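Me: Please examine the structure shown below and answer a series of questions on it. Each answer should give its reasoning and close on the value or name requested.

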Amino acid sequence: MSHAIEEPAAPAKKGKKALSEGKRAERKLGLMLCAPAALVMVAVTGYPVLYSLWLSLQRYDLRFPDQREFIWFENYATVLGNSYWWTAFGVTALITVVSVVIELVLGMALALIMHRTLVARGLVRTVALIPYGIVTVVAAFSWRYAWTKDTGYLAQLFASDSDLLTQRVPALAIITLAEVWKTVPFMALLLMAGLALVPDDLLKAASMDGATAWQRFTKVMLPVMKPAILVALLFRTLDAFRIFDNIFVLTNGAQQTGSVSMQTYNNLIKGLNLGIGSTMSVLIFIAVAVIAFVFIKVFGTSAPGSDNGGKR
Amino acid sequence: MALIGATSKNGARARWALLDFVVVVYALVPVLWIVSLSLKSKETIADGNFIPRSWTLQNYVDIFRTSEFLRALVNSIGIAIIATVIAVVLGTMAAYAIARLDFPGKQVLVGVSLLIAMFPQVSLVSPLFEMERSLGLFDTWPGLILPYITFALPLAIYTLSAFFREIPWELEKAAKMDGATPAQAFRRVIAPLAAPGVFTTAILVFIFCWNDFLFAISLTSTEASRTVPAALSFFTGSSQFEDPTGTISAAAVVITVPIILFVLFFQRRIVAGLTSGAVKG
């Protein structure tokens, strides 16, 4: 918003000449209507982000407040030289990549089912929204108890004599399972929006020319859906990277299953170390920015809403 | 598999029915499991049976007897509703401006809200924790409502501006020409057209606030403002209950009820809201 206020005198943008009275009133109304939303967003995110940058440059542990001191980048050296941080980073990256890939495949299948099924379309769409809507913590508890030794039906089915959630690899797999289950419907809905853009005529024409179902999928549907797929991947990748709820409930980060968000939370709320916690916050922010940058610049993902001028 | 030609209508229908069934099982089994756990008696809770052998409502009676859960439920409902109302009101104003008016800084606003939508929430936890402590907002309702509004606003603005662009605004002019005052034109013509979009957005925003866990455990410390998802994680190991499995499950089922109701009654709207807001450029 601060930008918006700073540059109200930039009318040359679309080559318009002097503003008419009505135009000026419209601009004023537009700014006034957006101001409250913009103010809240900037106050609750913009300022805190800068503040956490400032905190990250200090030694600031709430248990030892008198040792507070400005130490430049020492916190960054501490965090980046710490093997726990890199373990958490690796876990986060692994869960992100694996779960997003599985979600893409299952989400595409679910999108096709929701879009094209001949029977009970309403039922399928309704049911598919349940994992999307359900509270993540609730779903995580369901999975935790399902895999708890003795208590769980899945534990009885697959591993009745060992506690999978206390072993690193199985625990990571269960975390990924919980994450995938919850977010496949969201992925499917985003993909379904892309699926709706595929013209039926094109599919019919391809089928007349003798294309198999697989060929129609890869040669006709996927290219048309590419922008929607990339946006869905971007959304989900950034979302998966901040995974927290599932891990907190399923393992609480034990056996090196913690994500970077878990590490930050532990340092901040349990350890009360604001300096280190803020440093981790900034590092996560940078990682997310890098992911978004790669998607937008390298894959050419169009950021949704970035080009709403003339398109619609 | 989706594009198999019409070999035989019945065969295709049977195949689709089978696929539908797989989806239903996928979506419902984890939910039914937690329901089943919540209905099991203390003796059978650890038997690993998917269907309870002995049924009881004792777990529900137990949680509604404790202030811990009741208080958390009140917090959850109050905080989510207040945050939803504010976010939808502010979002409606901004989305109206974005969809209908031409003004400088529009792209910046859209860009900033997109940025926030993708923002790692944990990055805000450290500064907000410190700021709220010094402002006295820590462990209060406003202390949670503020971040919820902030993260809900991008969602609200996107969904609403997508809806608003589809409204035939010429009708407003037509009504005025027919002699309606601006207030009448708004009340009789525009409000009924905009209401479905606003309502859909409210549902999505409510689900978002209802779901949050990270802010809820980081920015609260007592029953004063702890919401149910946060309180659930503190049931564990509480001395109040010998084995918290049943009570956690019952509480989990209670906070799933509103979600199920939304999904049952407003499926079409939710799908429309998510697909229009998220993908259209």
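Reply: Before the questions begin, one term is needed: a helix here is a DSSP run of H or I of at least four residues, and a strand is a run of E of at least two. The model under discussion is predicted.

Me: Over residues 272-296 of chain A, how far apart are the end C-alpha atoms?
Reply: The UniProt entry, which is unreviewed, lists 272-296 of chain A among its transmembrane regions. By the definition above, this span is 92% helix and 0% strand. Its end C-alpha atoms are separated by 36 Å.

Me: What is the corresponding end distance for residues 126-146 of chain A?
Reply: Residues 126-146 also appear as a transmembrane region of chain A in the unreviewed UniProt entry. The span is 90% helix and 0% strand. From end to end, C-alpha to C-alpha, the distance is 24 Å.

Me: How many helices does chain A contain?
Reply: UniProt, in an unreviewed entry, places "domain: ABC transmembrane type-1" at residues 89-295 of chain A. That stretch is 79% helix and 0% strand, with its end C-alpha atoms 19 Å apart. For chain A as a whole, there are 2 strands, and the number of helices is 13.

Me: What percentage of the residues in chain A is buried?
Reply: The C-alpha atoms of chain A occupy a box of roughly 65 × 65 × 30 Å along the principal axes. Among contacts with a separation of 6 or more in chain A, 70% join residues 24 or more positions apart. Of the 312 residues in chain A, the buried part is 45%.

Me: Which helix gives the most residues to the largest nonpolar core?
Reply: The largest nonpolar core has 168 residues, and those with the most contacts inside it are Leu191(A) and Ala152(B). Beyond its neighbours within four places in sequence, Leu191(A) touches Gly107(A), Met108(A), Ala111(A), Met225(A), Ala228(A), Ile229(A) and Ala232(A). The greatest contribution to the largest nonpolar core is 17 residues, and it comes from residues 168-195 of chain A, helix H8.

Me: Which helix supplies the largest share of the side of chain A that touches chain B?
Reply: The contact between the chains takes 102 residues from chain A and 94 residues from chain B. On the side of chain A, these residues divide into 66 nonpolar, 24 polar and 12 charged. The largest share, 19 residues, is supplied by residues 21-56 of chain A, helix H2.

Me: At what angle do the axes of H13(A) and H5(B) cross?
Reply: In H13(A), Leu274(A), Gly277(A), Ser278(A), Ser281(A), Ile284(A) and Phe285(A) meet Val122(B), Ser123(B), Ser126(B), Pro127(B) and Glu130(B) of H5(B). By class, this contact has 5 nonpolar, 5 polar and 1 charged residues. The crossing is left-handed. The two axes come within 7 Å, and their crossing angle is roughly 145 degrees.

Me: Is Thr150(B) buried or exposed?
Reply: Thr150(B) belongs to helix H6 (residues 141-165) of chain B. Outside its neighbours within four places in sequence, its contacts are Val40(A), Met41(A), Val44(A), Thr45(A) and Ile116(B). A residue with 20 or more other C-beta atoms within 10 Å is buried. Because Thr150(B) has 26 such atoms within 10 Å, Thr150(B) is buried.

Me: Over residues 141-164 of chain B, what percentage is helix?
Reply: The unreviewed UniProt entry includes 141-164 among the transmembrane regions of chain B. The end C-alpha atoms of this span lie 31 Å apart. The strand content is 0%, and the helix content is 100%.

Me: Is Trp72(A) buried or exposed?
Reply: Trp72(A) lies in the loop between strand E2 (69-70) and helix H3 (74-80) of chain A. Its phi is near 50 degrees, a positive value in a residue other than glycine. The limit for an exposed residue is 12 or fewer C-beta neighbours within 10 Å. Since Trp72(A) has 9 C-beta neighbours inside 10 Å, Trp72(A) counts as exposed.

Me: What is the phi of Leu272(A)?
Reply: Leu272(A) sits in the loop between helix H12 (260-270) and H13 of chain A. With 15 other C-beta atoms within 10 Å, Leu272(A) is partly exposed. Most residues other than glycine have a negative phi. Leu272(A) is not a glycine, yet its phi is positive, at about 55 degrees.

Methods: Residues numbered from 1 in each chain as written. Chains lettered and ligands numbered in written order. Predicted model: local features only at pLDDT ≥ 70, side-chain atom pairs only at ≥ 80, totals over all residues. Core = buried A, V, L, I, M, F, W, Y, C linked by C-beta atoms within 7 Å. Contact = placed C-beta atoms within 7 Å. UniProt positions renumbered as here; feature names shortened; annotations may be inferred. Nonpolar A, V, L, I, M, F, W, Y, C, P; charged D, E, K, R; others polar. Axes fitted to C-alpha atoms, helices over the stretch in contact; angles between N-to-C directions. Left-handed = near helix turned anticlockwise from the far one by under 90°.
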